[in-house]
Amino acid sequence: MRKRERENPCGICGHYHKYEEGEVCGICGHRMPVGPEKTLIQVSAFPSEILPELLYLGSYDNASRSELLKTLGISRVLNTVPACQNLYKNSFTYHCLPDSPTIAFDDAVAFLDQCEKDKARVLVHCMSGKNRSPAVVMAYLMKSRRWTLDQSYQWVKERRPSVDLLPAVLQQLQEYAQKIQAVVEGGVVALPPISGGGAAPFSFGFTNPGNIPPAFPAFNTAATASIFARADIPPPNEFTFGAAAVENTPPQNLGPTSVNPNATDVSMDGS
């Protein structure tokens, strides 16, 4: 083995092999792509960043690359498929969802909420990163950010185009969205209704006692009208910059013997 190979392990699997030449790793079977396939496979080796410095979405292949996860600062892993083994229990904090056709959204959201409170980066994964784990991430966005299902799906899809939800999982998400909406409607914060398409207004988790939906940063939609064009906001009667007006007083007549209290000059005797 050459000196460079001994000093520089593979940046993907962390093992020592001739990765620059496309050699297959004798330990894990990883092979660095060569030629036209290079860009596509290298991108898929990294999980998708959903929320900066917090939430990542990926596959079991992403979760099996410990050195890559450490490089991204990920310290916790949410496993949505119990059939996937937790490979590095000494290096990461794992949380597994129950083995059930029905996804335990509340359990997953609670774990992700704790990660956000602890400011810990977390990877959510299933086998391929296309179905169960994206659904969990969307559920978390709906619950924590007060987004609709449409908005959550669009947000995740733009950051991980390979997302492909099965009809059964999509149905579970729709039911969970209705559950969240029913709970919120009984409280103070109003959740925007789930629309059939397009971007609806939403808030980033802030309370809105007046139930006035804030403007959603729409994707590929026309810009909203300026607040100054609203007819229901009357113009102010008076407007002054600075503090309130002070009653004007005429300047005092300073005689030859008067002393100006604001003066800083010191009188000098002539010689």
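Gln151 lies in helix α7 of this predicted model, where the residue is buried, with a relative accessible area of 1%. Gln151 is separated from Met138 by 13 residues in sequence, and the C-alpha atoms of the two are 8.9 Å apart in space. The same helix is among the elements that give two or more residues to the largest nonpolar core of the protein, and the description below proceeds from the overall arrangement to that core and then to individual residues.

The protein contains 8 helices and 5 strands, which follow one another from the N terminus in the order α-α-β-β-α-α-β-β-α-β-α-α-α. Of its 271 residues, 35% are buried. When contacts between residues at least 6 apart in sequence are considered, 56% of them join residues at least 24 apart. The confidence of the prediction averages a pLDDT of 73 over the protein, and 53% of the residues score at least 70. Two stretches call for caution in this respect: over residues 190–209 pLDDT stays under 50, and the model has 55 contacts beyond four places in sequence for them, while over residues 211–243 pLDDT also stays under 50, with 20 such contacts in the model.

The largest nonpolar core comprises 35 residues, and those with the most contacts inside it are Leu55, Leu78, Leu112, Val136 and Leu173. Two or more residues are given to this core by each of the strands β1 (48–51), β2 (55–58) and β5 (121–125), and by each of the helices α5 (105–117), α6 (132–145), α7 (149–159) and α8 (167–185). The element that gives the most is α6, with 8 residues. A second core, separate from this one, has 8 residues, including Ile74, Phe92, Tyr94 and Leu123. Around Leu78, once its neighbours within four places in sequence are left aside, contacts are made with His95, Leu97, Ala108, Phe111, Leu112, Val122, Leu123, Val124, His125 and Val136.

Helix α8 was examined along its length and for burial. Its 19 residues should span 27 Å at 1.5 Å a residue, and the C-alpha atoms at its ends are 27 Å apart, so the expected and modelled spans agree. The buried residues of α8 are Val169, Gln172, Leu173, Tyr176, Ala177, Ile180, Gln181 and Val184. Because an α-helix has 3.6 residues a turn, residues three or four places apart point the same way. Among the elements that cover the buried residues of α8 are α5, α6 and α7.

A charged residue is also found among the buried positions. Arg76 lies in strand β3, which covers residues 74–79, and has a relative accessible area of 18%, which places Arg76 under the 20% limit, so that it counts as buried. Leaving out residues up to four places away in sequence, Arg76 touches Thr93, Phe111, Gln114, Cys115, Asp118, Ala120, Arg121, Val122 and Leu123.

Aromatic side chains were considered next. A search of the whole structure finds 3 aromatic pairs, one of which is formed by Tyr88 and Phe92 in an edge-to-face arrangement, with 6.3 Å from centre to centre and 70° between the planes. The two partners are described differently in terms of accessibility: Tyr88 counts as partly exposed at 25% relative accessibility, whereas Phe92 is buried, with a relative accessible area of 5%, and is one of the residues of the second core. Elsewhere, Arg159 lies over the face of Trp155, at 3.5 Å from the ring centre.

Backbone angles single out two further residues. Most residues other than glycine have a negative phi. Glu53, by contrast, has a positive phi, near 60°, and is located in the loop between β1 and β2, where it counts as exposed at 56% relative accessibility. Arg146 likewise has a positive phi, of about 60°, although it is not a glycine. The loop that holds Arg146 is the one between α6 and α7, and Arg146 is partly exposed there, with a relative accessible area of 24%.

Notes. Residues numbered from 1 in each chain as written. Predicted model: local features only at pLDDT ≥ 70, side-chain atom pairs only at ≥ 80, totals over all residues. Heavy atoms only, no water. Core = buried A, V, L, I, M, F, W, Y, C linked by side-chain atoms within 4.5 Å. Buried < 20%, exposed > 50% of the residue type's maximum accessible area, 1.4 Å probe, protein only. Helix = DSSP H or I, 4+ residues; strand = E, 2+ residues; numbered from the N terminus. Contact = heavy atoms within 4.5 Å. Expected span 1.5 Å × (residues − 1). pLDDT = per-residue confidence, 0-100. Phe/Tyr/Trp six-rings, centres within 6.5 Å; stacked < 30°, edge-to-face > 60°. Lys NZ or Arg CZ within 6 Å of the ring centre and 35° of its normal.
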